[in-house]
Amino acid sequence: MRSTAPAKAASILTVDYEDWFHVAHPAACDPAVWDDLPSDIEDDTHHLLDVLDQHNAKATFFVVGWLAARTPDTLREIVRRGHRIGLHSYFHTPPNRMSEVEFQEDLLRCQRETAAITGVTARGYRAPYFGVRDCSFSYLEVLRRCGLSYDASVLAGFLPGRGQPRAPVAPHPTDSRKPSFWEVPIPAVRIAGFPVAFSGGGFLRLLPAWFVRWSSRRVAGSGTPVVYYIHPRDLNPAGRTTPTGIVRRVRYYGGRSTTQRKLEEILRASRVLSVEEFLSTAFGLSAHEMTDEIEGLTLVSPGR
Ligand SMILES: [Zn+2]
C-alpha cells in the first residue's frame with residue numbers, strides 16, 4: 001500500500017566544529033594557551049554524531065583547522081559517518097580582523113590540514129562570528145580563488161555588528177550569470193518587518209521551542225530550506241563555560257539543556273541534509289564539484 005504521508009521538506013544542518021574556549025573565553029584570541037586548556041570537543045562530537053545517526057541525518061561540519069590537527073581521529077569519524085567537511089578558519093579568526101593575505105593564508109592552511117587528515121577537499125566556508133561585515137577586501141573572491149564552491153557566512157537577520165538583515169534568506173548563486181559559487185545564508189523570519197534569526201547558536205538555545213518550530217514552518221512554507229547551525233557543545237548542559245561574565249555565559253552557553261530536544265524535533269520534522277547534498281540535489285551541482293575525494297593525498301601538513 002502506498003504511503004499518503006506528505007514528503008518532508010528538506011533542511012540543512014551545519015555544525016561549527018570548535019571547542020568551548022574558542023568563544024567568550026578570555027583566551028579565545030590567544031592560541032598560545034589553548035593547548036593548556038581542557039577539551040570537550042571529542043566527547044561532545046561523538047554524542048552529536050550518535051544523535052544524527054539515530055535520525056539518519058547528515059550535516060556539514062565547518063572545522064577550525066587548529067582543532068582538526070589535534071583531533072584527527074574524530075575528524076575522520078565525522079567523514080566516515082557520511083558528513084561533509086567545511087572550513088571555519090585555522091585559528092577561529094573572522095576575515096574582518098585580517099588582511100587579505102592573512103585571510104588567504106589562514107584559509108589555505110585550514111584547507112590543507114583538513115584535507116591531509118580526511119582525504120576530502122572542503123568545498124565551503126563559514127566565517128567565525130559571521131564576521132564578514134566591513135571586510136577590507138572581497139572575502140568571496142578569496143574563497144573562489146582557493147577553489148571553494150560556497151559561502152555560509154551570512155546571517156540574514158538582526159544581530160548587532162554581525163547580522164545582514166537585508167540579505168536574501170534563500171540559497172542563491174552570487175553571480176546569476178555563472179552560477180558556480182553559492183551563498184547559503186542563515187535565514188530569519190520577519191515579525192512586524194523585523195528579521196529575527198531562530199535557527200542556530202544562541203537563538204536556537206535561548207528561544208522557546210514553539211517559536212523555533214513556528215519560524216521553521218514559516219520559512220520552509222515559503223519554499224526556502226532552513227539552514228540550522230549548532231556547535232557540539234550546545235548539546236552538553238554539563239560542558240565547560242567561560243570563567244568570566246554572566247552575559248557572555250548566557251549568550252554563548254545558555255539554554256544548552258533544551259538544545260538536544262529542539263534538534264531532535266527538527267530532525268524528525270524535516271529531511272536533514274548537508275550543504276553539499278542540498279546543493280547537488282536541489283541545483284544539480286556536479287558530484288565532482290561537491291564530493292572531490294582525493295585518492296592517496298600527500299599534501300604536506302603545515303607546521304603547528
Ligand atoms: Zn565559530
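**Group meeting: a walk through the model**

Okay, let's start with Tyr228, which sits in strand β10, residues 227–230. Before I go on, keep in mind that this is a predicted model. So, is Tyr228 buried or exposed? Tyr228 counts as buried, because 26 C-beta neighbours fall inside 10 Å and the cut-off for buried is 20 or more.

Who does it touch? Skipping residues up to four places away in sequence, Tyr228 touches Ser11, Ile12, Leu13 and Thr14, then Ser199 and Gly200, and also Ile266. For a sense of distance, take His47: 181 residues from Tyr228 in sequence, and 18 Å from it in space, C-alpha to C-alpha.

Now the core. The largest nonpolar core has 67 residues, and the ones touching the most other members are Ile12, Val15, Phe61, Val63 and Tyr228. As a general point, nonpolar side chains in soluble globular proteins tend to be buried together. Ile12 is a nice one to click on. Leaving out neighbours within four places in sequence, Ile12 is in contact with Val184, Pro225, Val227, Tyr228, Leu273, Val275 and Phe278.

Two of those names take us to helix α10. That helix covers residues 275–283, and Val275, Glu276, Glu277, Phe278 and Leu279 in it are buried. Yes, you heard right, Glu276 and Glu277 are in that buried list. Just after α10 comes Gly284, with a positive phi of about 70°.

Over to the strands. β2, residues 60–63, pairs with β3 in the parallel sense, and there are four bridges. If you want one bridge to look at, Phe62 has Gly86 in β3 as its partner. Which way do the residues of β3 point? In β3, residues 84–87, Arg84 and Gly86 go one way while Ile85 and Leu87 go the other, and all of them are buried.

Next, a helix pair. Helix α7, residues 209–221, packs on helix α9, residues 256–269, at an angle of about 30° and with 10 Å between the axes. That angle makes α7 roughly parallel to α9, since anything under 35 degrees counts as such. The α7 side of the contact is Ala209, Val212, Arg213 and Ser216, and the α9 side is Thr258, Arg261, Lys262, Glu265 and Ile266. We met Ile266 a minute ago, as one of the residues Tyr228 touches. As for handedness, α7 passes α9 in a right-handed crossing.

Last bit: some backbone oddities. Which phi does Phe130 have? Near 50°, so a positive value in a residue that isn't glycine. Phe130 is in the loop between β4 (124–125) and α5 (139–145), and it is buried, with 23 other C-beta atoms within 10 Å.

Ala192 also has a positive phi, near 50°, and again that's a residue other than glycine. Its loop runs between β8 and β9 (194–197). Is Ala192 buried or exposed? Exposed, because there are just 5 other C-beta atoms within 10 Å and 12 or fewer is the cut-off.

And since we're at β8, residues 188–191, Arg190 is in that strand. Arg190 has 14 C-beta neighbours inside 10 Å, so it counts as partly exposed. From Arg190 to Tyr139 is 51 residues along the chain, and their C-alpha atoms are separated by 28 Å.

That's my tour. Happy to put any of these on the screen.

Note on methods: Residues numbered from 1 in each chain as written. Predicted model: local features only at pLDDT ≥ 70, side-chain atom pairs only at ≥ 80, totals over all residues. Helix = DSSP H or I, 4+ residues; strand = E, 2+ residues; numbered from the N terminus. Pairing = 2+ DSSP bridges. Core = buried A, V, L, I, M, F, W, Y, C linked by C-beta atoms within 7 Å. Contact = placed C-beta atoms within 7 Å. Axes fitted to C-alpha atoms, helices over the stretch in contact; angles between N-to-C directions. Parallel < 35°, antiparallel > 145°, perpendicular 65-115°, else oblique. Left-handed = near helix turned anticlockwise from the far one by under 90°.
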